[in-house]
Every structure is written in structure tokens, then in C-alpha cells.
Amino acid sequence: MSLQVPHRQANGTSGTTTKAVILVGGPSRGTRFRPLSLDVPKPLFDVAGHPIIWHCLRAVAKVPNIREVVVIGYYDESVFRDFIKDSARELPQIKIQYLREYQALGTAGGLYHFRDAILKGGPDRFFVINADVCCSFPLNEMLKLFEDRDAEAVILGTRVSNDAASNFGCIVSDAHTKRVLHYVEKPESHISNLINCGVYLFSTETIFPSIKSAIKRRSDRPRLVSYPSAENLDSSFFAEKLEDGEKNEVLRLEQDILSDLADSKQFFVHETKDFWRQIKTAGSAVPANALYLQKAFQSQSEELAAPSANILPPVYIHPSAEVDPSAKLGPNVSIGPRAVIGAGARVKESIVLEDAEIKHDACVLYSIIGWNSRVGAWARVEGTPTPVGSHTTSIVKNGVKVQSITILGKDCGVGDEVRVQNCVCLPNKELKRDVTNEVIM
């Protein structure tokens, strides 16, 4: 460690190289994103006109000196092939590589398994970004804090309501120095409303030894059952032998690594005052869509439709979509490729996916209209607005928890004059009567 610190101070950023790792998970983890993930892997689902992972990649491209991005997950290689090809054309300065885990290894297990690829070229530090996070990704600010404090790790944090905090990893920090004093994943009692945003910057010489010692601690202990919060992991362990004979297991940064880093004194938090949301459930794509569209509108992105009497910004319309001039769209609407919006239709706070059709005088609010789905004339497809600061898209109606966002999967049809409210509709369903608060299978 002491060998590299003077080098870092002497050269500032010029002598150091930074990489980025984007964690995309895999098919068994996307269950909460159904029915949308039945047809498209969650990281490639379009939000504000671009795949979720594209927003991460765009942010990484704005950090000087990053030349390489490693995407780690356990989807088949073919899943990301086209996306990586397109991104390489758009961002020629960055080499993008997909590395496939042979099974779910957990966030820290995946990093450790592919450590040779991450360490190739001798980076001093690397970002780790969870792909299902929607935020403005203040990576340059995190880098500045990392260098100013000569940190071993920097975590991105944000404030949420005290009620919501216990659903996330909670950070206790020194308000003056920004040092992380304590980290607890999903605490049972309230410890802090500053939470983990799922974006990190690690020193390469600190994080891999930390993961290695966590593996060693595990192998010295009797076999554990899975953590209760390890959602949808098929098994808690994988029995790959490491080179020095240690047994490897599923390891997660959040549960297994971060609380130890807090003991190191060189772990800091950058608190973002900007927007942040997780994209866990299918419904959460709608608030994420709104946040990304608002950011694009503030930065005067030319991708957005020009405001007019019938376009209430921000609205994204794919160039191949057909929108009747009398239809009223916005705010916070994305219209996908080849979608057709009929005369007098009203679309607000919604995502309309490719090849979908909304017939004349239909109304779509707080909803996702799936690929190739049809909404009949004078039909209403609507969800329920949730409070701005809320981090959940489920609400309680008549004592039952329902999705506040209505979601039509692929190839669904809603008949003329039919009303669909607070429903999740699996692919290939025809709705010929009014439905409310139901999952239609």
C-alpha cells in the first residue's frame, strides 16, 4: 500500500488508471421485473428511450481516463452482444467486455472470480455500478473525494425517509470528514436514513484482499444457510476451489464486505442530493423513466420531443413511432420504436414499448404498455400515482397489496371502452371486461 500512495500524490490523476465494472445479475434474479423480464433481460429494458445499462455506461464515459468497462453477469453471452456492438460504435474510446459467471456468485464473488480481468492493465481503482440503479451517477465527484482523502473505498449514499431506510443498506458517517463509521445491510432497527445507492469506487489493492479474507472467514466457519435477504439465489454456495484450496461461496458486497471496510478508517461516503431510485420491480421503471427524462430535459437533450400544446415535456418519441398530432402526451412519457398513438389519445407518466398501438381517444396513465400490445378506442389503462419520495410502487387497496403501475406484458389486448386499473397482465392476454387490482395470468 505505502508504495503506491506517494505515486498517487505526486502524479494526481495523471499517473493512475481507473476502470469500471457494471454488475447486471442474471435471469433467475429478474423475477421481480416480470412480466417485462419474460421478454427482455432487465438491464436491456428501455427507460427514457435507452436500455437501463446504457445510462450507467453513458455516465462512465464522462469520467476522464476510463478506457475499459467490464460487464459481469450470468446471462448468456449472446444477450449483450448487440448492445455491446452498438455501444462500441457510440463510445469508441471505451473497450466494453462481457464476462459471464458460470452461476450466481454474488456481487463480491463475481468481482473476485474475474479479478484477473479487472486487474489487467494495472488500474489503481475501479468503479462498481449495479445496473438496476437509476441516478445521475456523480462518478467524478466520487473520484475527487477518493483522491482528496486518499481513500480505499467510496460509496454513493442518499437520504430517504426514516420509514424507507430499513429496506436498504444503512450508512453511519462522520458529517464533517464523510468517513463511514458503520454499515449495516437492511437493519432491523433504525440506525440512519443515509442509504447505499449501489455505486462504489474501490482501490484495487484493498478490495480483493478484503474479499479474500471474507472467503477465508467463511471457510473457517461451519456451513451457513442462505441470508434471508439473498433474494432468489438458487444456492448459497458454489464449491469452486481457489488456488490455495479455499472453498468459494456466494459473497455479496453489501452483506459480507462493506461492514468490514468501515473498520478500515479509509472508507468514505459521497452523499448525492440528486435523484436516485432502484429499478427492482417492473413498475419501478415508470418513476425511473420520469427521472431520466427530467434530467434529459434539464440538460436540453435534443432527443426529446419539442414542447407544444399537445406535448407536455419531458416526452421521448422514437423517430419511427407514429403519433397523431391531436394526441396529448406527457409529462414523463416514452414512446418506443414503431408504436402508434391514435387521434385524441391521452398518455401521461407511462412507457409505451415498441410496436404497441393505442387507438383513438384511449387514455393511458401511470402504465407500461408492452411490446406489440393494443389498447382499444376509448379504453382506459391506468395506475395510481405514488408520492414523489416513495421508494415503492405497491399500494394497499381494500386491504390487499397491489401494483400502483398497470403493466401489460407482450402481445396483450385491451378491448374498446374497457377500463384496466392497477393490474399486472402477463403476455398474450385479451382483456374484454373491466378489471381492477388483479394479476391476470
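**A buried glutamate, two cores and some salt bridges**

In this predicted model, E254 is buried yet takes part in no salt bridge. The nearest side chain of opposite charge belongs to R252, and that one is 5.6 Å away. A salt bridge needs a side-chain nitrogen within 4 Å of a carboxyl oxygen, so a gap of 5.6 Å doesn't make the cut. E254 isn't left without a polar partner, though: a polar contact of 3.1 Å joins its side chain to that of T107. Leaving out residues up to four places away in sequence, E254 touches T107, N130, Y183, E185, N196 and Y200. As for its place in the fold, E254 is found in helix α9, which covers residues 253-261.

Just past that helix comes A262, in the loop between α9 and β14 (267-271). Is A262 buried or exposed? Its relative accessible area is 5%, so A262 counts as buried. Its contacts, again setting aside residues up to four places away, are R179, V180, L181, H182, Y183 and F267. A262 and R179 are 83 residues apart along the chain, yet their C-alpha atoms are separated by 8.4 Å.

Now for the whole chain. Its secondary structure comes to ten helices and 36 strands, and buried residues make up 55% of the 441 residues. If contacts between residues at least 6 apart in sequence are taken, 58% of them join residues at least 24 apart. The accessible surface is about 19000 Å², and carbon and sulfur atoms account for 50% of it.

The largest nonpolar core has 77 residues, and F45, F137, L139 and I368 have the most contacts inside it. A second, separate core of 34 residues includes A262, together with V128, I155 and I207. Back in the chain around F45, neighbours within four places are left aside, and its contacts then include F33, L36, V40, I351, L353, I368 and W371. I52 is also in contact with F45, and I52 is one of the buried residues of helix α2. This helix, residues 52-61, is mostly covered, with eight of its ten residues buried. Among them are W54, H55, C56 and L57.

A glycine gives another example of a covered spot. G342 sits in the loop between β20 (340-341) and β21 (346-348), and with a relative accessible area of 15% it is buried. D324 is 18 residues away from G342 in sequence, but the C-alpha atoms of the two are 5.4 Å apart. Besides D324, G342 touches A327, I358, K359 and H360, not counting residues up to four places away.

What about charged pairs? Side chains of opposite charge can pair when their charged atoms come close. The whole structure has 17 salt bridges. In one of them, R100 pairs with E77, with the closest N and O atoms 3.8 Å apart. This pair links distant parts of the chain, since R100 is in strand β5 and E77 in helix α3, 23 residues apart. R100 is partly exposed, at 38% relative accessibility, and E77 is partly exposed as well, at 40%.

R338 forms salt bridges with E354 and with D355. The closest N and O atoms are 2.8 Å apart in the bridge to E354, and 2.8 Å apart in the bridge to D355. D355 lies in the loop between β22 and β23, and R338 in the loop between β19 and β20, 17 residues apart. At 31% relative accessible area, D355 is partly exposed. Elsewhere, salt bridges that share partners join K19, E68 and K95 into one network.

How values were computed: Residues are numbered from 1 along each chain as its sequence is written. This is a predicted model: local features need pLDDT of at least 70, side-chain atom pairs count only at pLDDT 80 or more; totals for chains, interfaces and linings use all residues. Side-chain values use heavy atoms; hydrogens and water are left out. Helices (H or I, at least four residues) and strands (E, at least two) are DSSP runs, numbered from the N terminus. Buried means under 20% relative accessible area, exposed over 50%, partly exposed in between (1.4 Å probe, protein chains only). Contact means heavy atoms within 4.5 Å. Accessible areas come from the Shrake-Rupley method with a 1.4 Å probe; for residues, only the protein chains shown count as cover. A nonpolar core is a set of buried Ala, Val, Leu, Ile, Met, Phe, Trp, Tyr and Cys residues joined through side-chain atoms within 4.5 Å. Lys and Arg count as positive and Asp and Glu as negative; His and the chain ends are not counted. A polar contact is a pair of N or O atoms within 3.5 Å; within protein, one must be able to donate a hydrogen and the other to accept it, and residues adjacent in sequence count only if both atoms are side-chain atoms.
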